[in-house]
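User: I am new to this structure and would like to learn how to read its features. Please take me through them one at a time.

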There are 2 protein chains.
Amino acid sequence: MFESAELGHSVSDKEYAEAEPRLREALLQAQYKLLDNGTFPVIIVIGGVDGAGKGETVNILNKWMDPRHIITHAFGEMSDEEAERPRMWRYWRALPPKGRIGILFGAWHTDPIINRVMGRIDDATFELRLDSIVSFEQMLADGGALLLKFWFHLSKKAQKKRLKALEADRKTRWRVTKTDWERFKKYDRFRSISETALRETSVGHAPWIVVEGADANYRSLTAGQTLLDALQSRLAGSAPAVSRPAALPKPALDGRTILSRLDYTKRLARKTYSKELEKYQGRLNLLTRDKKFRNKSLIIVFEGMDAAGKGSTIRRVSGALDARHYQVIPIAAPTEEEHARPYLWRFWRHLPRRGRVTIFDRSWYGRVLVERVEKFCSEEDWMRAYHEINNFEEELVEAGAVIAKFWLTITKQEQLERFRERKDTPFKSFKITAEDWRNRKKWGDYERAVCDMIESTSNETAPWHVIAANDKFYARIEVLKTLCESLERAL
Amino acid sequence: MFESAELGHSVSDKEYAEAEPRLREALLQAQYKLLDNGTFPVIIVIGGVDGAGKGETVNILNKWMDPRHIITHAFGEMSDEEAERPRMWRYWRALPPKGRIGILFGAWHTDPIINRVMGRIDDATFELRLDSIVSFEQMLADGGALLLKFWFHLSKKAQKKRLKALEADRKTRWRVTKTDWERFKKYDRFRSISETALRETSVGHAPWIVVEGADANYRSLTAGQTLLDALQSRLAGSAPAVSRPAALPKPALDGRTILSRLDYTKRLARKTYSKELEKYQGRLNLLTRDKKFRNKSLIIVFEGMDAAGKGSTIRRVSGALDARHYQVIPIAAPTEEEHARPYLWRFWRHLPRRGRVTIFDRSWYGRVLVERVEKFCSEEDWMRAYHEINNFEEELVEAGAVIAKFWLTITKQEQLERFRERKDTPFKSFKITAEDWRNRKKWGDYERAVCDMIESTSNETAPWHVIAANDKFYARIEVLKTLCESLERAL
């Protein structure tokens, strides 16, 4: 992988002086076209060996282009807000919007490599991390991002020479720290582990571009020209091929579904309900105050047919919690800031810190429900979403989150009665709109989407709880009970 | 201030049972109206004595209304991201958008009170903090927010009783900590300092509502009813009176202005320029790497007539910096998330951490420039903005920021030449739009706005630097030199 980056590549000052102005102007033009076009972001990942000119290259890219439309982000130590959330949270935070260039310095590859070099994680964990990086980058690319990953390399000899040279110069001495020399001692190990990382995360749509870092002229022109070519080709319309799903989910031949097999007659009498409500709310309250919960978080997802009682159930759940520790996030159409980033971005931004609860009133599952049925996104998009969502939830769970997903389901007849009641009750009429009636007409489509969703995204880490909700009392208690049990298992 | 909250107010269970359902329904209706109306946010600040039912009240408000549209925020210890920014940053972060209710628990009043009680700040500092709170709340109210501040009070005897009662109950014992008893020892001091704080921050548009906290029925109904009344009255259209400016700024009788008195003939030869550029870029680079800068931050504001050379100057400044340490924020129209919050919110969100540089390409001064001239905001709005901006910048400086504000100015003739050149140069033509020509017609209005702005917002803490920019070389060097000098003074 690194062989051709140890050949002593170089570009003379004369050649550089000739090439630079043209490259620079072309890059600037391409950047403005990107901004004007505004349909995809450019994500430039910078990694490599210390002293191989990573910082210099980032600076020169900022100099060549218009720095007002570049977002440069260097990842060092985590802040405490970042440390209390899933590993990828801080990278999601830094993703540039469409039309802009984000330069990410020491991004998601760095931690696994350094941790493996230092022996803080074992080989199996290292491989798992690399896998999840591949999925993450796949998601970015599928979402339309132009992803360029540069690795700046130096041979062992060249690195030593470079560090010494920096140290010898009064102006650059500050740049060489003890850590650099300590890392240098581990050069061979670093090289071999980096090579594994690069090999395993170098995939067709986002290969690593290894650049020899010894000669400044060479590395700057190489990075700039690579970026220019990729940008121009993409702007010229050669969008990456998105793989069409080989097969779409089909309903079972006998028509039996999870929803149709549910027992909708279950009921609770008001008296039993009141008693149970108090009992489970109390239990839930105690659980979220448990010392062990301080290292966990709870993410609750409510989905369901219109009028299935999501709102009133959420209030029974939040009623059990301390308002200082939970947040309810109602999901509607994305804002423009959200729209300019990958689909899951707007959920990442609301993830709870440790010891906190976030309740989503509708969620990322909109992608495979309303967006699928209403054709707000393409078949490729929602088919891909199952896998993306599974990965997302896996990351949450790995970071200590307990996820509880509820599908509240009612029969078509029950919905009709509730719609009518809403329409006729003055202070409830705001809850029923023309859209609700339109959605009702697509009942069958929604039911199919729900069954496919449960089929594809219910798993041990984050199971779906399908709750028959014709009787509100029964449904609320079921939800509370399930929450208590999920937490009890996790703590 | 607290006398009437020590009278032993109470409401019987019977009265409560009668009043609660009606209050609850009315609150819920009002909340939906607010959401639907969407023109102002409701900010509820909760403060008071430990054990006076603050948490309970917040919980009950969440229970009575729809928690999906309430954002509850409890402020405890600062995160490190918060600690590295101006004091008010974390409160700005938590401001609810229009149409929503934000409940802020232990908000901006708490720190000054606790710090004064603990003797960590002296009386003069305490008073200063209270003053800046008054300005901040004034700004919220002027921006249309409905601001309700509840203080839950207990007499010394009642607090002791309450803490003991909580301790005696197995279910609530966890709530009483050592800190509570330590604070109780300082009851008298806490009471007297709180009283000062409440008195000085209780102003017409946002008075404190002191509620006796001993009886749960009484305090819940009082808080709920107060909120309901305020919401209903506001929704019914009784917007708060915004004070009309007594007088608008007038141009000087003799027509002399800062801009007209400037020497536009200053030039630098290319050779001198190149030498000076290298010199000042090097100096600026060293300054931002100075150890002392790690506790500071640098905020650079660029404003100027169209085609005055902001972009190219910014690139000469950013070229001197490490891309990992600065961010350029180009300011265009606000996004919807920004539009839903007070005017300054979108600048607060981009404030740099310590040791970092943020360059604003246009800025908060848009309010008193383009928004004034194009009548995007009312006379009251922009007249008020001078004061709001001065307060804002004062807070930044107090938190360790160095602010450098540049007005790049060119003559009308020079602008014409640059416009023409842009129009005729293929790769520059994207830089000139019909809007630029329209703005040019309002040259006089802009000039007046600029003079008023400098007059009202240039001060020792954050002076304006007006730079004649007919010669780009001269202007760039002036800017770099000024930046170096500002930093040198501060370090």
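User: Through which surface do the copies meet?

Analyst: Contact means heavy atoms within 4.5 Å. In this predicted model, 100% of the interface residues of chain B are also interface residues in chain A, so the copies meet through the same surface.

User: What turn lays chain B on chain A?

Analyst: Copies are superposed by least squares on the C-alpha atoms of residues with pLDDT of at least 70 in both. A turn of 180° with a shift of 0.0 Å along the axis lays chain B on chain A, and the RMSD is 0.0 Å. The two copies are thus related as by a two-fold rotation axis. In chain B, D80(B) has the C-alpha nearest that axis, 3.2 Å from it.

User: What should I know about the numbering and the limits of the model?

Analyst: Residues are numbered from 1 along each chain as its sequence is written, and chains are lettered from A and ligands numbered from 1 in the order in which they are written. Local features need pLDDT of at least 70, side-chain atom pairs count only at pLDDT 80 or more, totals for chains, interfaces and linings use all residues, and side-chain values use heavy atoms, with hydrogens and water left out.

User: What is the strand order in the open sheet of five strands?

Analyst: Strands (E, at least two residues) and helices (H or I, at least four) are DSSP runs, numbered from the N terminus. Two strands pair if DSSP finds at least two bridges between them. Here the order is β2-β3-β1-β4-β5 in chain A, with parallel pairing. At the edges are β2 (70-74) and β5 (208-212) of chain A, each pairing on one side only. Inside the sheet, β1 (residues 42-48) and β3 (residues 101-105) of chain A pair in the parallel sense over five bridges, and I46(A) stands opposite F105(A) in β3(A).

User: Is strand β8 of chain A enclosed or open?

Analyst: Buried means under 20% relative accessible area, exposed over 50%, and partly exposed in between, with a 1.4 Å probe and protein chains only. Five of the five residues of β8 (residues 357-361) of chain A are buried, so this strand is largely enclosed by the rest of the structure. On one side the buried residues are V357(A), I359(A) and D361(A), and on the other T358(A) and F360(A).

User: Which strands pair with β8(A)?

Analyst: β6(A) pairs with β8(A) in the parallel sense over five bridges, and L298(A) stands opposite V357(A). β7 (residues 326-330) of chain A also pairs with β8(A) in the parallel sense over five bridges, with I329(A) opposite F360(A).

User: What is the sign of phi in A307(A) and K375(A)?

Analyst: Most residues other than glycine have a negative phi. A307(A) is not a glycine, yet its phi is positive, about 70°. A307(A) lies in the loop between β6 (297-304) and α12 (310-318) of chain A and counts as buried at 7% relative accessibility. K375(A) has a positive phi near 60°. K375(A) sits in the loop between α15 (370-373) and α16 (379-398) of chain A and is exposed, with a relative accessible area of 69%.
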